[in-house]
Amino acid sequence: MQDPVYSPFFGIMGASASIVFSALGAAYGTAKSGIGISAMAVTKPEMIMKSLIPVVMAGIIGIYGMVVAILIAGKLQKISNGYTLFK
C-alpha cells in the first residue's frame with residue numbers, strides 16, 4: 001500500500017496548529033492575568049508579587065506548544081523516505 005502524497009501536509013499542519021493555538025492560549029491567559037493583576041494592585045497592593053504566578057504559567061503554555069511543534073517538525077520527511085500518514 002502506497003502512502004498518499006498529502007501525508008507531509010498533515011504533519012506541517014499539526015506543527016503549525018500546535019504553535020498557533022498554544023500561542024493564542026498563552027496570549028489570552030496573559031491578558032486575563034494582567035487584568036487580575038491590575039485589579040489586585042488597586043485593592044491589595046502588597047499582593048502584587050504573588051499574583052504574577054498566573055502570568056508565568058500562561059507563558060509556559062506557549063513554550064510547551066513550541067516544544068511540541070519542534071518535535072513534530074523534526075520528524076517530517078519526504079514521502080520517499082518513508083513518511084506515512086500515521087506519522
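What do the buried residues of helix 2 pack against? They pack against helix 1, which runs over residues 7-43. The legends below walk through that pairing and a few other spots in this predicted model.

**Figure 1. The whole chain is built from two helices and zero strands.** With a radius of gyration of 20 Å, well over the 12 Å that the globule rule gives for 87 residues, the chain is more spread out than a compact globule. Put a box around the C-alpha atoms along the principal axes and you get roughly 65 × 15 × 15 Å. Buried residues make up 18% of the 87 residues. Take the contacts in the chain with a separation of 6 or more: 76% of them come from residues 24 or more positions apart.

**Figure 2. Helix 1 and its buried residues.** Helix 1 has 37 residues, and from its first C-alpha to its last it reaches 54 Å, close to the 54 Å expected at 1.5 Å a residue. The residues to pick out here are S7, P8, G11, A15, S18, S22, A26, G29, S33 and I37, which are buried. And what do these buried residues of helix 1 pack against? Their packing partner is helix 2.

**Figure 3. Helix 2, from residue 53 to residue 74.** At 1.5 Å a residue, the 22 residues of helix 2 should span 32 Å, and its end C-alpha atoms are indeed 32 Å apart, so expectation and model agree. Its buried residues are A58, G62, G65 and A69. Look down the axis of helix 2 and these buried residues fall within an arc of 55 degrees, so they line one face of the helix. A bit of helix geometry is handy here: an α-helix has 3.6 residues a turn, so residues three or four places apart point the same way. Over on the other side of helix 2 sit I53, V56, Y64, I70, L71 and G74, which are exposed.

**Figure 4. A26, a helix 1 residue up against A58 and G62.** Is A26 buried or exposed? A26 is buried, because its relative accessible area is 12% and the cut-off for buried is under 20%. Setting aside neighbours within four places in sequence, A26 is in contact with A58 and G62. Both of those partners are on the list of buried residues of helix 2. For a sense of how the sequence folds back here, check A26 against P54: they are 28 residues apart in sequence, yet C-alpha to C-alpha they are 10 Å apart in space.

**Figure 5. S7 in helix 1 and what it touches.** S7 comes in at 1% relative accessibility, so S7 counts as buried. Which residues does S7 touch, not counting those up to four places away in sequence? The contacts are Y83, T84 and L85.

**Figure 6. A cluster of rings: Y6, F9 and F10.** A pair of aromatic rings is described by the distance of the centres and the angle of the planes. The count here comes to two aromatic pairs. In one, the ring centres of Y6 and F10 are 5.8 Å apart and the planes sit at 80 degrees, so this pair is edge-to-face. F9 and F10 form an edge-to-face pair too, at 5.4 Å centre to centre with 70 degrees between the planes. Y6 is partly exposed, with a relative accessible area of 47%. F10 is partly exposed, with a value of 47%, and F9 is partly exposed at 49%.

**Figure 7. Where the UniProt annotations fall on the model.** An unreviewed UniProt entry places the feature "transmembrane region" at residues 6-31 and 52-73. In the model, residues 6-31 are 96% helix and 0% strand, with end C-alpha atoms 37 Å apart. Residues 52-73 are 95% helix and 0% strand, and their end C-alpha atoms lie 32 Å apart. UniProt (unreviewed entry) also carries the annotation "domain: V-ATPase proteolipid subunit C-like", which covers residues 13-72. Over residues 13-72 the chain is 85% helix and 0% strand, and the end C-alpha atoms are 10 Å apart.

Technical notes. Residues are numbered from 1 along each chain as its sequence is written. This is a predicted model: local features need pLDDT of at least 70, side-chain atom pairs count only at pLDDT 80 or more; totals for chains, interfaces and linings use all residues. Side-chain values use heavy atoms; hydrogens and water are left out. Rings of Phe, Tyr and Trp (its six-membered ring) pair if their centres lie within 6.5 Å; planes under 30 degrees apart count as stacked, over 60 as edge-to-face and the rest as tilted. Buried means under 20% relative accessible area, exposed over 50%, partly exposed in between (1.4 Å probe, protein chains only). Helices (H or I, at least four residues) and strands (E, at least two) are DSSP runs, numbered from the N terminus. The expected span of a helix is 1.5 Å times one less than its number of residues. The arc is that of the directions from the helix axis to the C-beta atoms. Contact means heavy atoms within 4.5 Å. UniProt positions are given in the numbering used here, feature names are shortened, and annotations may be inferred rather than shown by experiment. The radius of gyration is taken over C-alpha atoms; the globule rule is 2.2 Å times the number of residues to the power 0.38.
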